[in-house]
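Visitor: Could you walk me through this structure, starting with its pockets?
Guide: Gladly; here it is, and then we can take your questions in turn.

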Amino acid sequence: MIFLCVASLIVYTVWRFRRKPNDHSAHEQPQVYGSNQIEVAWTVIPLLIVFVLIGVSARVIASVENASPPPSTLHITLVGHQWWWEVQYPGFHLVTANEIHVPTSPDGKTATYFRLESMDVIHSFWVPQLAGKTDLIPNRVNYTWIDPREAGIYLGNCAEYCGTQHANMLLRVIAQPQADFNAWTAAQQKDAMQNGSVAQGKQMFESLACVNCHTVRGTPAVGKFGPDLTHLMSRQTLGAGVLNNTHENLRNWVNDPQESKPGCFMPSMKLTDRELNEVVAYLESLH
Ligand code: CUA
């Protein structure tokens, strides 16, 4: 717009004051010099324009920064760990990992609001289809929000180098219609299922170091260092998205996590085949 104004004024001036073919006089047009009025005009007017623009921008920035989420917003606290995501739903008293269930927002009015924290180093939340990157920084809280319009699985990953398994710190947002989301939260809020047929595996699990890192709600396992396993079988993947959650993969994972995720903090417990089968059977009862 400004370019068009300036360019057309130049073109007009060049055309209007061009030398006419029959004008052979050598004298110049009168030159204007040292006019206070003109100097003041072209100093003060741009100055005023700049201040108006600053004011308008400041107002918009302030309204964006101070915007508070609508009361219907879902609040999630996402905590970055080396190399997995802890997903807390403070309003529902439930915790899960790596797979973030949220309601869809067909009219754009049911946003999900994230409080981003880190337990160790800097990570970065990135689900390209839903939002830009936002860092999870130790001793600091960042915020971001999403409002997926359509149901589906949106894949993401950690976008800030955070150690050897950074590339395997995957996450997925599972957007589902409000009714499905409500059903999911209701199921997740329950304590772990008790199943007598896997009592041996449960006992085995609870006698091992597993319980130092993992929580299974309603049992003596209350560790916080690794993902909550209360409803492990409701998740699609293992090891923060590294493996599909199948029997074979779960067995291999428990047998030796270092094979699929070298450098991760879950050690191989060196279980015998029988012990491994029992622990896996127990884990597979955690629906
Ligand atoms: Cu976490 Cu990269």
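**Pockets, cysteines and a sheet**

Visitor: How do the residues of the lining of the largest pocket divide into nonpolar, polar and charged?
Guide: Happy to start there, with the reminder that this is a predicted model. The largest pocket is lined by 35 residues, and H214, G226, P227, W253 and M266 lie nearest its centre. Sorted by character, the lining comes to 24 nonpolar, seven polar and four charged residues.

Visitor: Which element gives the most to the lining of the largest pocket?
Guide: The elements that give two or more residues to this lining are α5 (210-213), β11 (237-238), α6 (247-255) and α8 (273-283). The one that gives the most supplies three residues, and that is α6.

Visitor: What volume does the largest pocket have?
Guide: A general idea helps here: rolling a probe the size of a water molecule over the atoms shows where empty space is left. For the largest pocket, the volume comes to about 670 Å³.

Visitor: And which elements each supply at least two residues of the lining of the second largest pocket?
Guide: This second largest pocket holds about 330 Å³ of space. Its lining has 13 residues, with V64, A67, S68, Y113 and W145 nearest the centre, and they divide into eight nonpolar, three polar and two charged. The elements that each supply at least two of them are α2 (36-65) and β8 (142-146).

Visitor: Why is C264 too far from the closest cysteine sulfur for a bond?
Guide: A disulfide needs two cysteine sulfur atoms within 2.5 Å. The closest cysteine sulfur to that of C264 belongs to C213, and it is too far for a bond because the distance is 11 Å.

Visitor: Is C162 buried or exposed?
Guide: The cut-off for buried is under 20% relative accessible area. C264 meets it at 11%. C162 has a relative accessible area of 4%, so C162 is buried.

Visitor: Which strands stand at the edges of the five-stranded sheet?
Guide: The sheet is open, has mixed pairing and follows the order β3-β2-β1-β5-β8. An edge strand has a single partner, so one side of it is left without a neighbour in the sheet. From one strand to the next, the twist averages 25°. The strands at the edges are β3 (94-97) and β8.

Visitor: Which residue in β2 is the bridge partner of V79?
Guide: Strands β1 (residues 74-81) and β2 (residues 84-89) run antiparallel and are joined by five bridges. In β2, the partner of V79 is E86.

Terms used:
Residues numbered from 1 in each chain as written. Predicted model: local features only at pLDDT ≥ 70, side-chain atom pairs only at ≥ 80, totals over all residues. Heavy atoms only, no water. 1 Å grid on protein atoms, 1.4 Å probe; cavity = no way out; pocket = protein on both sides within 12 Å on 5 of 7 lines; lining within 4 Å. Points joined across faces, edges and corners; volume = space filled by probe spheres on them. Helix = DSSP H or I, 4+ residues; strand = E, 2+ residues; numbered from the N terminus. Nonpolar A, V, L, I, M, F, W, Y, C, P; charged D, E, K, R; others polar. Buried < 20%, exposed > 50% of the residue type's maximum accessible area, 1.4 Å probe, protein only. Pairing = 2+ DSSP bridges. Axes fitted to C-alpha atoms, helices over the stretch in contact; angles between N-to-C directions.
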